[in-house]
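Me: I have just opened this model and would like to go through it piece by piece. Please keep the cut-offs explicit as we go.

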Amino acid sequence: MESLNIPCALVEGVRFDFPSRFAISALPYIWDDERNHQICFVSSSQWNAAKRRDEFGSMIASADLVLPKDRAVAGRVLAQGAEASRSWPVPFVHQMLLDAMHESAEQPELEIPSIEHIPEMYRPQKVITTLLSAIEQRNGSVFLLGGAPVTLIKAEKNIRATFPGLAIVGSMHGLYRPQEEAALIEAIQKSTPMLILAGAPLPSGERWIPHHMAATRSGIFLYHGAILRWFAGS
């Protein structure tokens with residue numbers, strides 16, 4: 001497998017991607033390229049903000065994957081969007097492995113899924129657990145960012161229990177002081193995680209990622225406000 005095609009659709013200037021479960025699992029391999037990558041979720045309540053070319057809209061436009069977060073926005077995209085496909089090159093070192101993974105995939109979808117399946121396929125918790133499982137299979141690592149201190153401790157404990165082969169190389173709660181930010185960025189730089197998983201509260205929310213992504217060497221950045229509370233069992 002020399003490349004991986006991911007269906008997408010463009011509507012009112014906003015691109016939405018529709019990766020299969022296999023494609024999501026392949027991201028830690030195809031993005032093993034010494035670059036930073038961001039995954040965003042867009043809900044119907046964020047639709048108008050995503051269309052603007054302010055800071056939030058620019059973040060959505062530059063994200064590597066933009067996933068529909070709910071049935072309403074997915075339906076609008078499927079009804080009005082112009083369908084296309086984006087191709088990601090697969091690093092040579094991973095090509096044979098991804099061939100084998102693709103052959104064993106239960107549903108290696110190559111087309112945009114039906115509206116009935118989209119809400120469950122791209123539920124943030126499902127996407128994130130699929131991604132964590134894939135990173136665990138690579139003996140990879142994650143840096144946890146955000147959340148209240150107690151929530152972060154509980155989330156880290158539960159993630160370690162659920163994904164024992166996944167290395168948590170660092171964490172920082174989202175209530176850190178401004179003077180602690182330089183040390184946080186240095187910790188991310190030195191630990192070189194495959195995934196920086198962020199949740200609320202976090203200064204600037206999801207926009208923390210484009211504010212700081214350029215300061216790190218490589219990795220996948222993903223923000224979902226409730227994810228650390230979910231992992232903490234709250």
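**Notes on helices, strands, cysteines and rings**

Me: What phi does Thr-192 take, just after α9?

Reply: Thr-192, just after α9, takes a positive phi of about 40°. Helices (H or I, at least four residues) and strands (E, at least two) are DSSP runs, numbered from the N terminus.

Me: Before we go on, what kind of model is this?

Reply: This is a predicted model, in which local features need pLDDT of at least 70 and side-chain atom pairs count only at pLDDT 80 or more, while totals for chains, interfaces and linings use all residues. Residues are numbered from 1 along each chain as its sequence is written, and side-chain values use heavy atoms, with hydrogens and water left out.

Me: OK, back to α9, which residues are buried there?

Reply: In α9, which spans residues 181–191, the buried residues are Leu-184, Ile-185, Ile-188 and Ser-191. They cover an arc of only 140° around the axis, so they sit on the same side of α9; the arc is that of the directions from the helix axis to the C-beta atoms. Buried means under 20% relative accessible area, exposed over 50%, and partly exposed in between, with a 1.4 Å probe and protein chains only.

Me: And which residues are exposed on the other side of α9?

Reply: On that other side, Ala-182 and Lys-190 are exposed. The buried residues of α9 are covered by elements that include β6 (141–146), β7 (167–172), β8 (195–199) and α10 (208–212), where contact means heavy atoms within 4.5 Å.

Me: Switching to α5, what do its buried residues pack against?

Reply: The buried residues of α5 (residues 95–104) are Gln-95, Leu-98 and Met-101. Their arc around the axis is only 120°, which puts them on the same side of α5. They pack against α1 (21–30), whereas Met-96, Glu-103 and Ser-104 are exposed on the other side of α5.

Me: How many of the 10 residues of α1 are buried?

Reply: Nine of the 10 are buried, so α1 is largely enclosed by the rest of the structure. Among the buried residues of α1 are Phe-22, Leu-27, Tyr-29 and Ile-30.

Me: Now the strands. In what order do β1, β2 and β5 lie in their sheet?

Reply: The three strands form an open sheet in the order β2-β1-β5, with antiparallel pairing; two strands pair if DSSP finds at least two bridges between them. β2 (14–17) and β5 (82–89) stand at the edges with a single partner strand each, so one side of each is left without a neighbour in the sheet. Neighbouring strands of this sheet are turned by 35° against each other on average, direction ignored.

Me: How many bridges join β1 and β2?

Reply: Strand β1 (residues 3–11) pairs with β2 over four bridges in the antiparallel sense, and Leu-10 has Arg-15 as its bridge partner in β2.

Me: Which helix lies across β1, β2 and β5?

Reply: That is α4 (residues 71–80), which runs at about 90° to β1. Axes are lines fitted to C-alpha atoms, for helices over the stretch in contact, and angles run from 0 to 180 degrees between N-to-C directions.

Me: Which way do the residues of β4 point?

Reply: In β4 (residues 65–68), Leu-65 and Leu-67 point one way, Val-66 and Pro-68 point the other way, and all are buried. β4 pairs in the parallel sense with β3 (residues 36–42) over four bridges, and the partner of Phe-41 in β4 is Leu-67.

Me: Different topic: what is the disulfide count?

Reply: Zero, taking a disulfide as a pair of cysteine sulfur atoms within 2.5 Å. Cys-8 is in no disulfide, and the nearest cysteine sulfur, that of Cys-40, is 15 Å away, which is too far for a bond.

Me: Are those two cysteines buried or exposed?

Reply: Cys-8 is buried, with a relative accessible area of 6%, and Cys-40 is buried too, at 0%.

Me: Last one, how many aromatic pairs does the structure hold?

Reply: There are four aromatic pairs. Rings of Phe, Tyr and Trp (its six-membered ring) pair if their centres lie within 6.5 Å, and planes under 30 degrees apart count as stacked, over 60 as edge-to-face and the rest as tilted. One of the pairs is Phe-16 with Trp-47, which is stacked at 5.7 Å centre to centre with 5° between the planes. This pair links distant parts of the chain, with Phe-16 in strand β2 and Trp-47 in helix α2 (residues 47–51), 31 residues apart.
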